[in-house]
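User: Please take me through the reasoning behind the structural labels given to this model. I should like each label set against its criterion.

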Amino acid sequence: MVNSAELNGLFTPRFAKNFFPIPPTNSLQIGSLAPPFELFDVMAGQRVKLADYLSNPAHRFVLLAFTRIFSEQHYCPFCYPHIKDLNQAVDQFKRRGVALVMITSTDPQQSQIVQQDLGLKMPLLSDPECKVFRQYQLGQALGAPLPAQFLIDRQGKIRFKHLFSFIETNASVERLLGAVDANRR
């Protein structure tokens with residue numbers, strides 16, 4: 001049985017704003033510049049920019065993993081296992097010079113609970129207004145923006161992108177590592 005307090009945490013103004021389905025309309029092409037942004041990093045406790053990751057000499061690439069988390073108690077059934085898989089693969093990405101950065105639409109307080117609850121080893125950026133999700137044209141459905149993954153090189157150019165589909169909701173860790181390896185040449 002569902003607890004009414006849990007439902008109250010799910011049905012927020014953000015949920016209502018993202019309720020009606022809008023398919024991904026992403027027109028960003030491979031080789032085009034990734035839209036810049038600034039968001040709150042719940043692990044670091046400060047605002048960070050995409051440019052901060054791109055300018056770090058330890059990073060050959062930045063992998064943006066947009067994910068669906070409805071609230072600190074409600075995870076997307078497609079995204080939850082993907083989050084866990086990415087978290088387990090953080091070191092594989094680091095060895096390849098990739099800054100793995102997760103972006104969620106939960107607010108900073110909810111995001112901090114998620115960060116701690118899942119023991120995330122990657123930065124979790126909070127985008128409660130869904131501005132960056134919209135900037136990347138990811139679409140939305142049933143209370144949250146849709147997931148996607150973007151691999152961005154040091155020059156800020158998109159080298160790989162995966163948008164949500166029912167055939168492949170999220171690009172697998174193997175596919176993402178393959179994209180990194182293919183772009184390192």
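User: What makes the sheet of 7 strands an open one, and what is the strand order?

Analyst: In this predicted model, the strands follow the order β2-β1-β7-β6-β3-β10-β11, with mixed pairing. β2 (46-49) and β11 (158-163) are the edge strands, each pairing on one side only. From one strand to the next, the twist averages 30°.

User: How do you know that β3 and β10 are paired, and in which sense?

Analyst: Pairing requires at least two bridges between two strands. β3 and strand β10 (residues 148-153) have 6 bridges and run in the antiparallel sense, so the criterion is met. Within this pair, A65 stands opposite Q149 in β10.

User: What supports the pairing of β6 with β3 and with β7?

Analyst: β3 and β6 pair over 6 bridges, in the parallel sense; here L63 has L100 of β6 as its bridge partner. Strand β7 (residues 124-126) is joined to β6 by 3 bridges, and these two also run parallel. M102 stands opposite L124 in β7. Since the criterion is at least two bridges, both are therefore counted as pairs.

User: Why is β6 described as largely enclosed by the rest of the structure?

Analyst: A residue is called buried when its relative accessible area is under 20%. That holds for 7 of the 7 residues of β6, so the strand is largely enclosed by the rest of the structure. V98, L100, M102 and T104 point one way, whereas A99, V101 and I103 point the other way, and all are buried. In a regular strand, side chains alternate between the two faces of the sheet.

User: What makes α8 a helix that packs on the sheet, and which strands does α8 touch?

Analyst: Contact means heavy atoms within 4.5 Å, and α8 touches β3, β6, β10 and β11. The direction of α8 makes about 160° with that of β11.

User: Which residues touch the most other members of the largest nonpolar core, and which elements supply at least two residues each?

Analyst: L86, F93 and L100 touch the most other members among the 26 residues of this core. At least two residues each come from β3 (61-66), α4 (79-88), α5 (90-95), β6 (98-104), α6 (108-118) and α8 (173-183). α8 gives the most, with 5 residues. Leaving aside residues up to four places away in sequence, L86 touches A65, F93, L100, M102, M122, V173 and L176. Another core, of 24 residues, lies apart from this one and includes L54, F66, A99 and I158.

How values were computed. Residues numbered from 1 in each chain as written. Predicted model: local features only at pLDDT ≥ 70, side-chain atom pairs only at ≥ 80, totals over all residues. Heavy atoms only, no water. Core = buried A, V, L, I, M, F, W, Y, C linked by side-chain atoms within 4.5 Å. Buried < 20%, exposed > 50% of the residue type's maximum accessible area, 1.4 Å probe, protein only. Helix = DSSP H or I, 4+ residues; strand = E, 2+ residues; numbered from the N terminus. Axes fitted to C-alpha atoms, helices over the stretch in contact; angles between N-to-C directions.
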